[in-house]
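Trainee: Please pick one spot in this chain and take me through it slowly. After that, carry on to whatever else you think I should look at on the screen.

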Amino acid sequence: MTALLQHPGYDEERLKGVAEKLPCREVQAEMLLSLMGQPHQYSYPSILIYGHRASGKSHVMHVLMKELELPHATVSCVECVSIALLFEQVLLSFFGCDAPSLLPRSPSLSDFVRVYRQQCSQSPAKQTRYIVMEKAELLRDTDASLLSALLRLQELVGDNVTVILLSEIAWDKFRPNTGCFEPLLLHFPDYSKSELQQILSQNVHSSYSAGFYSAYINILLGVFYSVCRDLRELRHLAALNFSKFCEPLAEGKVKETDTHKLWKHIEPHLKKAMQTVYLREVSSLQWEQMQQMEEEEAGALRGLSAHTHVELPYYSKFLLIAAYLASYNPARTDKRFFLKHHGKIRKTNFLKKNEKTSNHLLGPKPFPLDRLLAIFYSVVDSRVAPTASIFSQISSLVTLQLLAQVSHDDQLDAPKYKCAVSLDFICAISRTVNFDIVKYLYDFL
C-alpha cells in the first residue's frame, strides 16, 4: 500500500499523486521534502543525493519538480560539455530565452553571477528555485572553482536558489581537495528484492492477470537478482523474455496457474539471456529473431555460446580471426602462412621438442599488438588504412571479453593480448566472412 506524504506548504492531493508515482521511495521523498522546506522559505544552499545507478534519484527529483510545480532547471553534466552550456541552460529555465544572450561568448563564473543577479532583480523568486545537476560527479573534471561556487550559489547570487547534485559516488570521494561549503547528504539505497518485485509487477500486461505477471517477475528475479539489481536492466529483461514465457499459455498447453511448467519452459531461455546482461548487444526484436534462428539451426549450432550469434562489425570479425591465429600459431610460422614467396617448408623441419604438443591443448599464447595488425592486414580481403576505428574495435573486443589484455595498462608502446574464444566460435565467425581459418592453423597442417 502506498504511503501518504505529508508536508506543510504543499497541496495534499499533489502529495498523494507524488506518492503514487514513487513506489518504494516514499521515505526518501519525505526526507527530501523536509530538507527542501516550504516553497516560500529559504532552503539549504546545496544538497547531494547519492546512490548506485537506477536507485531512483533522477526519477524522484523529476516527479517532485513536475507534480509540485516547483521552478527548476535540470542540467545533465553529460550533455553540458562546456561551462557555457551549463550557464545558458540555467538562465534559460529561470528567466526565459533572452537571458542567455546577455552572456559573453566564453562566459566565466563571474559573468554568470552578474547576469543572474541582473535577471533576479527584474524577476525575483516567489519561491525556492532548484538547479538539479545530474551525473554531478563529472563536475570534478571541470574548473576547480565551479563545484565550490555551485555549492554556495545562493550566497553568490543573493537569491532563494538551491543546487541539488545527483551522483553515483559518495561525498568523501567527491569533496574537492581545496575545501568547500558542505552540502546536506541524502543516500538512496539499492532496491531490495521485494521492492523490485513490487515495482516491476506494476508493468502488468493488459492480456494477462496481475497474479500471472507477478509470478513471472518472481521467476525472473530468482534467476537474475544475484547478478543484476539494476531496475532499468531488469525491466528491459522482463519485457524481452515475457513473450517466451507466455508461449505455452498461448498454445493452450498449460494454464496460468501451472507455474512449475512455465518455469521449466523459460528456465533455459533465461540462463542463456544471463550471458548478455548489461551488454545490450542486440535489440528486443533482434533477440527474438535470434531465438527463432537458434531453434531452426539447433543441430548445426549446438554447443556454441550465445555470443556466436551476436553480429560483430565486419572488420572486428577479421581482427578476432587474426587474434586467434596469433594466439595458436607460433610466431615463426607467420611467414609460411601470410607471405606469397615463403618457399616450401615442411612442418617436421622446424618442429621443436616442446612444440610436439598441440597448441590448442596448451591454450592461447599472448601476442603483441603489431603482430595482430600484421596478420589482420594479411587476411582481410581489402585495403584497410590503420585508422582510429580499427584500434577502437580492438578495445571493443576486449570489453566484450572476446580478447583479453595481458599487459599492464601503463604499457602503451607494446600492449599484449590473448584470444579468449573457442575453436567452434571462431569457425562460426569465419564462415560469416567466407574465410577458411583451418587452412591457416598450424595444428591442422
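**One glutamine, then outward**

Mentor: Leaving out residues up to four places away in sequence, glutamine 28 touches Leu186, His187, Phe188 and Pro189. Keep in mind as you look that this is a predicted model. You'll find glutamine 28 in helix 2, which covers residues 26–36. Is glutamine 28 buried or exposed? Its relative accessible area is 11%, and because buried means under 20%, glutamine 28 counts as buried.

Now try a leucine in a loop. Leucine 139 sits between strand 3 (129–134) and helix 6 (144–151). Being in a loop doesn't leave leucine 139 out in the open: its relative accessibility is 4%, so it counts as buried. And what is leucine 139 in contact with, once its neighbours within four places in sequence are set aside? The list is Cys77, Leu86, Met133, Leu146, Leu147, Leu150 and Leu165. There's also a C-alpha separation to check on screen: leucine 139 and valine 78 are 61 residues apart along the chain, and their C-alpha atoms are separated by 9.7 Å.

For contrast, click on serine 110 in helix 5 (residues 109–122). Serine 110 has a relative accessibility of 52%, so it counts as exposed. Its C-alpha atom and that of leucine 156 are 9.5 Å apart, with the two positions 46 residues apart along the chain.

Next, look at how some helices pack. Helix 9 (residues 210–224) meets helix 12 (residues 259–273) at an angle of about 40°, and their axes are 10 Å apart. Helix 9 and helix 12 are therefore oblique to each other, and their crossing is right-handed. Helix 9 brings Phe212, Ile219, Leu220, Val223 and Phe224 to this contact, while helix 12 brings Thr259, Leu262, Trp263, Ile266, Leu270 and Ala273. Sort the residues of that contact by type and you get ten nonpolar, one polar and no charged.

Then there's another pair to compare on your screen. Helix 18 (residues 369–379) packs with helix 19 (residues 388–399) at about 115°, with axes 13 Å apart. That makes helix 18 roughly perpendicular to helix 19. Helix 18 also passes helix 19 in a right-handed crossing. On the helix 18 side, the contact is made by Leu369, Leu372, Leu373 and Phe376, and on the helix 19 side by Ile390, Phe391 and Ile394. This contact divides into seven nonpolar residues, no polar and no charged.

Move on to helix 20, residues 423–432. Which residues of helix 20 are buried? They include Phe425, Ile426, Cys427, Ala428, Ile429 and Ser430. Part of what covers the buried residues of helix 20 is helix 15 (314–328). Just after helix 20 comes asparagine 434, with a positive phi of about 55°.

A last word on cysteines, since you work at the bench. How many disulfides does a search of the whole structure find? Zero. Cysteine 24 is buried at a relative accessible area of 10%, and cysteine 246 is buried too, at 4%.

Methods:
Residues numbered from 1 in each chain as written. Predicted model: local features only at pLDDT ≥ 70, side-chain atom pairs only at ≥ 80, totals over all residues. Heavy atoms only, no water. Axes fitted to C-alpha atoms, helices over the stretch in contact; angles between N-to-C directions. Helix = DSSP H or I, 4+ residues; strand = E, 2+ residues; numbered from the N terminus. Parallel < 35°, antiparallel > 145°, perpendicular 65-115°, else oblique. Left-handed = near helix turned anticlockwise from the far one by under 90°. Contact = heavy atoms within 4.5 Å. Nonpolar A, V, L, I, M, F, W, Y, C, P; charged D, E, K, R; others polar. Disulfide = S-S within 2.5 Å. Buried < 20%, exposed > 50% of the residue type's maximum accessible area, 1.4 Å probe, protein only.
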